[in-house]
Each structure stands twice: as C-alpha cells, then as structure tokens.
Amino acid sequence: AHVRFENVSFAYGSQPTLNEVSLNAPPGHTIALVGSTGAGKSTVLSLLNRFYEHDSGIITIDGIDISSLSKNSLREKLAYVTQEAFLFNGTVRENLLLAKRNATDGEMWEALTAANAEPFVRKLPKQLGTNVGERGVKLSGGEKQRLSIARALLKNAPILLLDEATASVDSETEQQIQAALDALMRNRTAFVIAHRLSTIQNASRIYVLEHGRVIEQGTHAELLANNGKYADLSKCSFLPEKA
C-alpha cells in the first residue's frame, strides 16, 4: 500500500501539533519517524488511524483519501503495535481472534512462532486456552508485546504502525521482539516511531520532526552527512528513551 501525507496540519485544542507535514511511504517501504518528545510522531499514526481528524491537507492510501473510507474499512488495512501492548481479560486464543475472527489454531501457532511467542505460550497451563488476566497481568511486558505482534501478524494488514515497542524490556527480550518485528515488517509498508538505531538505519526513509514540522528527511547516511538535528540525536546515544 502507498501512503501519503500532503501538507497535513492538526491542532489538538488550541495547540498546533502538526504543521504542513508531508510524508511519502511507497509500498513495502519502512518509514522511521524520529524527534524529541512532543514533536508530533504519535500524532502522525493517530491521524492515519483516524483517532483524530486532521484539520487540513490530505492523507491517502493508494490514492484514496482516507476521510472517504469508513473507519472500519480503513482500520482493516492497518495493524498497530504500541508501546503498551493491549490485551483484554480473556484467553490467548480470544486475544488473537481479535485480529482474524476465523483464524485456525494452526494459523495462530504460525503467528506465535514468527513473533517469538510460541515457547512461552506452549508452557502456559492451557496454552491457547489460558486466560491472560485483566490487561495481560499474568504475562511479562515482553510476553505481552510478542502476543500483540503475533496478533498483528495474524491480521496480515498491508500497513503496519509501530509506536516502538521495546522501550520497557530487557535486552534479551528486546532482541526477540526485534526479530519478531523484522518478520512483521517484511513486504509491508511500515511507519515506525523509533528509538533504536538498528531500526532507523534500516529504514527506507527517515523523517525528523520538531514542533510538528518535518525539519529533515533522508536515509541514515544522508542525514548524518547533513550534520543537522539527526546527526545531533545520533551522537547523544541516539534518542531519548521515552519519545
């Protein structure tokens, strides 16, 4: 899917959050959004999901204005993995079925394997039938995250939105999640709010946001050569953890 933002502006109350932002995500490309806290990165994903309606400009998927689509048909095209993995109080199976109502157990295990979640689900008392507890309390943060990635894999949507998912886990879990995300991003158009250098270096294009505007864009090498904001962020151990 080809996603474009053309001169998109959005104000939250009286606060301008995005100011004439233009982004281009061709099919199968990974776009990284970087910048300090409050730069507008999460707002880009929220507008694409239509959690809010943008004030001006146009957002299109394959040339179709998203405001002409129903929210349901728009969200079928999107899989969203956030920093806070949301699981409801039900079984592993029920949480996965949110992504694909008619999924078979075999498809679920495939998705769990690709998300590096299969080993811990196999050890649960009732495997797929285990209740994960209110908001997933019976699972660790990394386990919840891998379940939400498995859910996104099962959904198999053409556009992936990742509000980077590894901020709150240890480094071994982070590597497992990163491998799962790499599997998820393959052949999809992906928007990644990124704090990890490896994710960003591999992106097809990086957009640097500041105060709701795109101030730089390019590949990792181009932006380092620019010696601007991105190069500064790279020097200070890359990016603030919580962005």
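Two strands pair if DSSP finds at least two bridges between them. In this predicted model, strands β6 and β7 meet that condition, being joined by four bridges and running parallel. Both strands belong to an open sheet of six strands with mixed pairing, and a second open sheet, of four strands, has antiparallel pairing. Helix α1 (residues 41-49) lies across strands of the six-stranded sheet and also across β1, β2 and β4. The briefing below treats the two sheets, the helix, two buried residues and the largest pocket.

**The six-stranded sheet**

- The strand order in this open sheet is β6-β7-β8-β3-β9-β10, and the pairing is mixed.
- The edge positions are held by β6 (78-81) and β10 (213-218); each has a single partner strand, so one side of each is left without a neighbour in the sheet.
- On average, and with direction ignored, neighbouring strands of this sheet are turned by 20° against each other.
- Between β6 and β7, which run parallel, there are four bridges; Ala79 has Leu160 of β7 as its bridge partner.
- On the β8 side, strand β7 (residues 159-163) is joined to β8 (residues 189-193) by five bridges, again in a parallel arrangement.
- Within this β7-β8 pairing, Asp163 has Ile193 as its bridge partner, and Leu161 stands opposite Phe191.

**Burial of strand β7**

- Strand β7 is mostly covered, with five of its five residues buried.
- Ile159, Leu161 and Asp163 point one way from the strand, whereas Leu160 and Leu162 point the other way; all are buried.

**The four-stranded sheet**

- The order of strands in this open sheet is β2-β1-β4-β5, with antiparallel pairing.
- Its edge strands, β2 (15-25) and β5 (64-65), each pair on one side only.
- Two bridges connect β4 (residues 56-61) with β5 in the antiparallel sense, and Ile64 in β5 is the bridge partner of Ile61.

**Helix α1 and the two sheets**

- With respect to the six-stranded sheet, α1 lies across β3 (30-34), β6, β7, β8 and β9 (205-210), and it runs at about 145° to β7.
- With respect to the four-stranded sheet, α1 lies across β1 (3-12), β2 and β4, running at about 105° to β1.
- Eight of the nine residues of α1 are buried, so the helix is largely enclosed by the rest of the structure.
- The buried residues of α1 are Lys41, Thr43, Val44, Leu45, Ser46, Leu47, Leu48 and Asn49.
- The helix is followed by Arg50, which has a positive phi, near 60°.

**Ile66, in the loop between β5 and α2**

- Ile66 lies in the loop between β5 and α2 and has a relative accessible area of 0%, which places it among the buried residues.
- Apart from neighbours within four places in sequence, Ile66 is in contact with Leu47, Leu48, Arg50, Ile59, Thr60, Ile61 and Leu74.
- Leu47 and Leu48, two of these contacts, are buried residues of α1, and Arg50 is the residue that follows the helix.
- Ile66 is separated from Glu53 by 13 residues in sequence and by 10.0 Å in space, C-alpha to C-alpha.

**Phe191, in strand β8**

- Phe191 lies in strand β8 and counts as buried, at 0% relative accessibility.
- Not counting residues up to four places away in sequence, Phe191 touches Val3, Leu23, Ala25, Ile31, Leu45, Leu48, Leu160, Leu161 and Leu162.
- Among these contacts, Leu45 and Leu48 are buried residues of α1, while Leu160, Leu161 and Leu162 are buried residues of β7.
- Phe191 and Gly63 stand 128 residues apart in sequence and 18 Å apart in space, C-alpha to C-alpha.

**The largest pocket**

- The largest pocket has a volume of about 750 Å³.
- Its lining comprises 22 residues, and those nearest its centre are Leu78, Leu98, Ala99, Arg151 and Lys155.
- At least two lining residues come from each of α2 (71-76), β6 and α6 (141-155).
- By class, the lining consists of eleven nonpolar, four polar and seven charged residues.

Terms used: Residues numbered from 1 in each chain as written. Predicted model: local features only at pLDDT ≥ 70, side-chain atom pairs only at ≥ 80, totals over all residues. Heavy atoms only, no water. Axes fitted to C-alpha atoms, helices over the stretch in contact; angles between N-to-C directions. Contact = heavy atoms within 4.5 Å. 1 Å grid on protein atoms, 1.4 Å probe; cavity = no way out; pocket = protein on both sides within 12 Å on 5 of 7 lines; lining within 4 Å. Points joined across faces, edges and corners; volume = space filled by probe spheres on them. Nonpolar A, V, L, I, M, F, W, Y, C, P; charged D, E, K, R; others polar. Buried < 20%, exposed > 50% of the residue type's maximum accessible area, 1.4 Å probe, protein only.
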